[in-house]
Structure formats: structure tokens, C-alpha cells
Amino acid sequence: ARLSVRDALGSQNASGERVKVQGWVRSVRSQKEVLFLHVNDGSSLESLQIVADSNFDNRELTFGSSVEVLGQLVQSPSKRQNVELKAEKIEVIGNCDAKAFPIKYKEKHPLEYMRQYPHLRCRTNALGSILRVRSEATAAIHSFFKNSGFVHIHTPIITSNDCEGAGELFQVEPSSKIKLPEENFFNVPAFLTVSGQLHLEVMSGAFTQVFTFGPTFRAENSQSRRHLAEFYMVEAEISFVESLQDLMQIMEGLFKTTTMTVLSNCPEDVELCHKFIAPGYKDRLEHMLKNNFLIISYTEAIEILQRASQNFTFTPEWGVDLQTEHEKYLVKHCGDIPVFVINYPLALKPFYMRDNEDGPQHTVAAVDLLVPGVGELFGGSLREERYHFLKQQLARSGLTEAYQWYLDLRRFGSVPHGGFGMGFERYLQCILGVENIKDVIPFPRFTHSCLL
Ligand code: 4AD
Ligand code: MG
């Protein structure tokens, strides 16, 4: 029977079953009487030890080559693993010129170096662990929502609206080779989505609690360590929600439950990231998990920042957006516990946020979650469900015509509702301690770079 390395390593009481294992060679060590081989197939961080006769011809068995091994699974005499495979037959399927191979045996390659090889870096321990955690976290997020009674919605990737109103859109057009009878394929300008929120709001008006988890696109001209042009966003929208408190509870629950699930499903992978990528990070993560997240208002945040103005290149005033340096300071100030910042000035936020009607300050019911190392991880708000308020907001933003359908939602059975979006790559950075967002997505896209 064919076994994955993970299943082979996990088999209890191995007693000579004949199995087949396939994978890539991670090490070859030839001793007087035996030849030791380690084979990895990506199913786990650990590799399977293969023991072969020393007179086996191993000239083609180089680091990186692909192999198929037939043999007997037995208890290992060594303390380093429970089982090993006593090889009867080893076949090299694809050889690998170790000299030309950019990954070198026994070398610890910096993440930055491996970024040059998006087609090969998944074969290193670090990327292997990060991408397995990414896969586990994806599944954990889906179960969190399923267990909380949310319906999963596939929101469109091509859309005619700019949800955030920031104009950071990629326009979609057919290639110039396509001959069209009309000038424009969709008859309207179409873009890659920046957020599925507006489509989710439609759906929360029927299913009450909905979520989506897919790629989003922003033409942000940024080379920062936390921005991508294509990133994954987890978005939720909930009807009959009347306070930011209720929303924040779900956000905190999503973060903590997902992280606990990941920690219990792939502890070795998380440990590798914490140990080799971000030493000391394990304690910081535990600190985040065991404390209640904090809440401050935007106004309080500005006061805190103004008292610490000597720390910044630029000190914010009320009415100005927080910069990365401010977000990082606020988290430090809060003892490295994630902190919700709520009630932002209306003028800083998109048209859909709910007016707090609080006099001259004029804020909206917005919430951002700031976390250690990353800064903004979530953005969310209560939505303006009152027809006349929304109509005014749309007019103010010059969107009245395009958003008639959105206004309709406030005419036909409108309810108080709210939602949020969490940047999935920033989430992975936050739990693993990975500095650069380009290292937590298989194929990063950013300004001046679209490799493969
Ligand atoms: O704060 P944002 O722009 O919020 C929205 O798009 C809302 N419509 C979401 C909603 O309420 N349904 O984006 C949400 C999160 C940010 O907090 C950040 O974590 C992440 O998405 N994000 C990015 N991640 C990587 N690269 C980028 N360029 C990002 N832009 C935003
Ligand atoms: Mg935001």
C-alpha cells in the first residue's frame, strides 16, 4: 500500500508491513554497513528514515531527487523516530543536480533569498511549515463559521463597484486579441474586487449570518512588509447586530478559536516558525491568546499618540488616519495585547459606515483591530441601515446613481447589521511571527513583481 510520510511516521506498532513511500530526498548518509536516507513528501515537517544496504548504488540518490521506496515498515532502534522503512527497492524517479539546485543540503536559506525561487521554495522546511499552517488555518476558519451557523457565500471576483471607495482598482478587460462587437465586454467598467462586503450585505439580508473567504485585489503602490496586490480576505456580515461589542466578540472569537485549532493540529509546523523564524514568538502569541483584547476609541488613541509625539516622524491630529508607526506604538502601549480602535471620524471612512450622530466630532461606528508586529489586522463597522442617512452619504460621495441597488436593501426589510474583514496573510504573519507578508502566500504579487 502507498503511504504518505505522515501516515508512515504515525503508524503505531509497525511490524514489517510492506509499504510504498514516494517523495524527495532530504539527506543521504552512507555508513559502513548501512545507507540512511531521509524522504519528505510535504505531508509533514518530519522526514521518514529509510535504511538500505550499504552496497546499494547511491550515485543518483542526491539531495532533492525524487524517489519511490518499497520496503518494510519497522520500529526504529533510534530514539529520533518511532518507525523507519527497511528498503527493499529504491527507485530514483527524477534526479537532481545538487550543484545547480538553488537549495543546498544542510543550509538554512534566509526567506528573502528563497523569494527568488517561487517555484522551488515550497521544498524548504520554512515554507513547507508556513504553507501547511496556511492550509490548516483555512480549514479552521471555515469550521469556525460553520460551527457558528454562518452560510458560506462565493462573492464575485469581477465586479463593477469599488467597495472601499479608495480607487485602488485593477480594471478587467479582455486581451487585445479578442475581437468584440462592442467596445466594452461588460458594457460597464469592471474591476477585480477589493472586498466582498457589499455582496455579503445582500446575502445577510436573506441568510442573516454569512461569510466569504477569497482573493481580493488592490493596486496599492506599496513595497511594504504588509501589503500585497493580491491577498486573501476573510469577511463576515451579520444581520440584527446592533452594537460594535457584538461584532468585536465575533472577531476575537475568530482569531482565538482559529489559532487554537491551528496550534493543536500542526504544533510542529508552528514551532518551527517560532523557533527558526521568530525566536521568542511563542510566548508573545500565548500572551495574545490568554488576555482579553482591549478597546479604545479613536479619540483616546489620538490622545495617547500626542502624548508620545517624540516617537514619531509625524504626530497625528484628530481627523487624520493612523499610520503604521502609530498602530505599532498603540499595541506596545497596550502591553502587546491586540486592541480594538473604535469610532473613527466619518470623514476618514467609506460611505457605508453607520453614523454615530455624536455632534461636532461626527464619528462612525467603525472598528479596526491592531495586533503586535503587524498593526491593522481587521477592519469592520456597523453599516448604515437607515434609508435617509445612507442616501445622504451616497450623495456626499457622488455614488447615488451606481448604488441604487444598495439603497434598495434599506427599503425592503432593512435591519441593523455589521461585519468585518480580516487580512488572511496578516493573520498568518501575526501568529507565526513572519516579518514579510511575501513569505506567507505561495505566489506573492506586488508592485513590479508577478513571478510565474
Ligand atoms: O480595512 P479594509 O480595507 O476593510 C474592508 O475592505 C472592508 N470592506 C471589510 C469588511 O468590512 N467586510 O481591509 C480589511 C483587511 C485589513 O484590515 C488588512 O488586514 C487587510 O484586509 N488588507 C490587506 N492585506 C494585505 N495587503 C493589502 N494590500 C491589504 N489591504 C487590506
Ligand atoms: Mg482598513
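Which element supplies the largest share of the shell around ligand 1? In this predicted model, the answer is strand β14, with five residues. β14 covers residues 375-382. Three further elements each supply at least two residues of the shell: β10 (230-239), β15 (417-423) and α12 (424-432). The shell around ligand 1 holds 22 residues. S195, Q197, G379, G421 and G423 come nearest to the ligand. By class, the shell residues divide into seven nonpolar, eight polar and seven charged.

The overall fold can be described next. The protein chain has 452 residues, of which 37% count as buried. Its secondary structure comprises 12 helices and 15 strands. The C-alpha trace spans about 85 × 60 × 45 Å along its principal axes. Among contacts with a separation of 6 or more, 67% link residues 24 or more positions apart.

Five of the strands form a closed barrel. The strand order is β1-β2-β3-β5-β4, and the pairing is mixed. Neighbouring strands of this sheet are turned against each other by 55° on average, direction ignored. In general, strands of a sheet pair through backbone hydrogen bonds, in either a parallel or an antiparallel sense.

The individual pairings illustrate the mixed character of the barrel. Strand β2 (34-40) is antiparallel to β3 (residues 48-53), with six bridges between the two. Within this pair, V39 has L48 of β3 as its bridge partner. β3 also pairs with β5, here in the parallel sense and over two bridges. I50 is matched with L85 of β5. Strand β5 (residues 83-94) in turn runs antiparallel to β4 (residues 66-75), and 10 bridges join them. One of the bridge partners in β5 is G94, which faces S66 in this pairing.

The loop between β1 (15-30) and β2 contains E33. E33 is exposed, because only 8 other C-beta atoms lie within 10 Å, and a residue counts as exposed at 12 or fewer. E33 is set apart from E235 by 202 residues in sequence. In space, the C-alpha to C-alpha distance between E33 and E235 is 58 Å.

Two helices were examined in detail. Helix α3 (residues 125-147) has 23 residues. From first C-alpha to last, α3 reaches 32 Å, close to the 33 Å expected at 1.5 Å a residue. Its buried residues are A126, L127, S129, I130, R132, V133, R134, A137, A140, I141, F144 and F145. The arginines R132 and R134 are thus listed as buried alongside residues such as I130 and V133. Just after α3, G149 takes a positive phi of about 80°.

Helix α9 (residues 324-333) has H326, E327, Y329, L330 and V331 as buried residues. These buried residues pack against one helix, α8 (298-307), and against the strands β12 (339-345), β13 (363-371) and β14. Strand β14 therefore recurs in the description: the buried residues of α9 pack against β14, and β14 gives five residues to the shell around ligand 1. A positive phi also follows α9, where G335 takes a value of about 70°.

Key:
Residues numbered from 1 in each chain as written. Chains lettered and ligands numbered in written order. Predicted model: local features only at pLDDT ≥ 70, side-chain atom pairs only at ≥ 80, totals over all residues. Helix = DSSP H or I, 4+ residues; strand = E, 2+ residues; numbered from the N terminus. Expected span 1.5 Å × (residues − 1). Buried ≥ 20, exposed ≤ 12 C-beta atoms within 10 Å, placed from the backbone. Near = placed C-beta within 6 Å. Nonpolar A, V, L, I, M, F, W, Y, C, P; charged D, E, K, R; others polar. Pairing = 2+ DSSP bridges. Axes fitted to C-alpha atoms, helices over the stretch in contact; angles between N-to-C directions. Contact = placed C-beta atoms within 7 Å.
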